[in-house]
There are 2 protein chains.
Amino acid sequence: MVNIMYDIGILVIGHGSKLPYNKEIVESIAENIQKKHDTRVQTAYMSMNEPSIEDGLKILAATGVKKIVAVPAFLANGVHTLKDIPGILGVETVGTKTTILIDGVQIELCYAGPIGAEECIADIVFKRVQETL
Amino acid sequence: MVNIMYDIGILVIGHGSKLPYNKEIVESIAENIQKKHDTRVQTAYMSMNEPSIEDGLKILAATGVKKIVAVPAFLANGVHTLKDIPGILGVETVGTKTTILIDGVQIELCYAGPIGAEECIADIVFKRVQETL
C-alpha cells in the first residue's frame, strides 16, 4: 500500500517569472500543503525560476518516493499546462500517468489538473474588489 | 453614498487564451460574484479574447455605474498585472485609483490586486493531487 506521507512526492509547478511574486505564491502553496498534510512537496518552474521541472523531479526522486504527482499551480488549462509542461514531464496530458526513470529508479508519475473554477476563487476576487472600496 | 449593487461595476480581467479554458474560468468567477453579491460584473481579456479591457470598461460605463473596480483574475502579480494591464487601464499600479473619461462620463477607476497566496488555493491544489491517486 502506498503511504501518502512517505511514498508520494508532490511537484507543484509554477509558471516562473522575472519578478518574485509567482515564486512566492508557488512556495506558499507548497508550504501550506506540506504543513497541512505532512507530505513531501517540492516546487519547480516551467521557466525563468529554479529549480526547473527536471531538477524538481530529481530532488523528489532522491527522497525515495515511489510516486510523483506533478500539479500545475495555474488558474486554468492552456498551452502551458496542456503542451509545454506535459512535454517536459513526458506525460501525454492532464490526468494521465506514466512511469519514468530518474537516476536509474523507476517512478510512477501522475499529472494533475490546474486550479480551475472553484467557488473560493470568486470569493477571493470579490475580497480584492472590497479591499479597494 | 455609493451603492455596491447599482453604482459600482466590477471588471474581471483575464489573461485570454487561444484555448477556451481561461475564458471559462474568468466567466465562472464573474458569474459567481454576480450571483452571490448581485453586483454589476463584466469580463474582459488582456489578449486573445473578447471583450478587450477597453470594451469592458465601455460596457460597464454604459450601465451608469459611478465607479469601476478592475480586478485581475491572475494568480500572482507579474509583468501582466503590474505593467500591461495598468498600461491599458491608465492607472499607475495595483491599489491605485484614478478618474477616467468614458464616452464623456467621468468614472472613478480602482485597480485591485490579484488572487495571491490564500490558503484555499493550496487546498484546491492538494485536491487536484488527491484526484489522481
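**Exercise 1. Work out in which order the strands of the sheet in chain B of this predicted model are arranged, and which of them stand at the edges.**

Solution. Step one is to read the strand order: chain B holds an open sheet of five strands, arranged β2-β1-β3-β5-β4, and the pairing within this sheet is mixed. Step two is to look at the ends of that order, where β2 (40-45) and β4 (97-102) of chain B each have a single partner strand, so that one side of each is left without a neighbour in the sheet. Step three concerns the twist: on average, and with direction ignored, neighbouring strands of this sheet are turned by 30° against each other.

Step four adds what lies against the sheet, and here the other chain comes in, since helix α4 (residues 119-132) of chain A packs on the sheet and touches β1, β3, β4 and β5 of chain B. The direction of this helix makes about 135° with that of β3(B).

**Exercise 2. Trace the pairing from β2(B) through β1(B) and β3(B) to β5(B), and name bridge partners along the way.**

Solution. Begin with β1(B) and β2(B), which run parallel and are joined by six bridges; within this pair, I13(B) stands opposite A44(B) of β2(B). Next, strand β1 (residues 8-14) of chain B is joined to β3(B) by six bridges, and these two strands also run parallel. A residue pair that marks this register is G9(B) with I68(B), the latter in β3(B). Finally, β3(B) pairs in the parallel sense with strand β5 (residues 105-111) of chain B, this time over four bridges. In β5(B), the residue that partners I68(B) is L109(B), so I68(B) has G9(B) opposite it in one neighbouring strand and L109(B) in the other.

**Exercise 3. Decide whether strand β3(B) is buried or exposed, and consider its two faces separately.**

Solution. A general point comes first: in a regular strand the side chains alternate between the two faces of the sheet. One side of β3(B) carries K67(B), V69(B) and V71(B), the other I68(B), A70(B) and P72(B), and all of these residues are buried, which is to say that both faces are covered. Taking the strand as a whole, six of the six residues of β3 (residues 67-72) in chain B are buried, so the strand is largely enclosed by the rest of the structure.

**Exercise 4. Determine how chains A and B are related, and through which surface they meet.**

Solution. Chain B is superposed on chain A by a rotation of 180° with 0.0 Å of shift along its axis, and the RMSD is 0.0 Å. The two copies are thus related as by a two-fold rotation axis. As for the interface, 100% of the interface residues of chain B are also interface residues in chain A, so the copies meet through the same surface.

**Exercise 5. Describe the overall build of chain A, and ask what its radius of gyration says about the fold.**

Solution. Chain A has four helices and five strands, and from the N terminus on its elements follow the pattern β-α-β-α-β-α-β-β-α. For 133 residues, a compact globule would have a radius of gyration near 14 Å, and the 15 Å of chain A agrees with this. The C-alpha atoms fill a box of roughly 55 × 30 × 25 Å along the principal axes. Of the 133 residues in chain A, 53% are buried, and among its contacts with a separation of 6 or more, 61% are between residues 24 or more positions apart.

**Exercise 6. Locate the backbone features in the loops of the model that call for a closer look.**

Solution. Start with the peptide bonds: E50(A) and P51(A) are joined by a cis peptide bond with omega of about -5°, and P51(A) lies in the loop between β2 (40-45) and α2 (53-61) of chain A. In chain B, a cis peptide bond joins E50(B) and P51(B), with omega of about 0°, and P51(B) is found in the loop between β2 and α2 (53-61).

Turn then to positive phi angles. D38(A), although not a glycine, has a positive phi of about 50°; this residue lies in the loop between α1 (21-37) and β2 of chain A, and at 43% relative accessibility D38(A) counts as partly exposed. D103(A), another residue other than glycine, has a positive phi near 45° and is found in the loop between β4 (97-102) and β5 (105-111) of chain A. Its relative accessibility is 62%, and D103(A) therefore counts as exposed, the cut-off being over 50%.

Methods:
Residues numbered from 1 in each chain as written. Chains lettered and ligands numbered in written order. Predicted model: local features only at pLDDT ≥ 70, side-chain atom pairs only at ≥ 80, totals over all residues. Heavy atoms only, no water. Least-squares fit on C-alpha atoms with pLDDT ≥ 70 in both. Contact = heavy atoms within 4.5 Å. Buried < 20%, exposed > 50% of the residue type's maximum accessible area, 1.4 Å probe, protein only. Pairing = 2+ DSSP bridges. Axes fitted to C-alpha atoms, helices over the stretch in contact; angles between N-to-C directions. Rg over C-alpha atoms; globule rule 2.2 N^0.38 Å.
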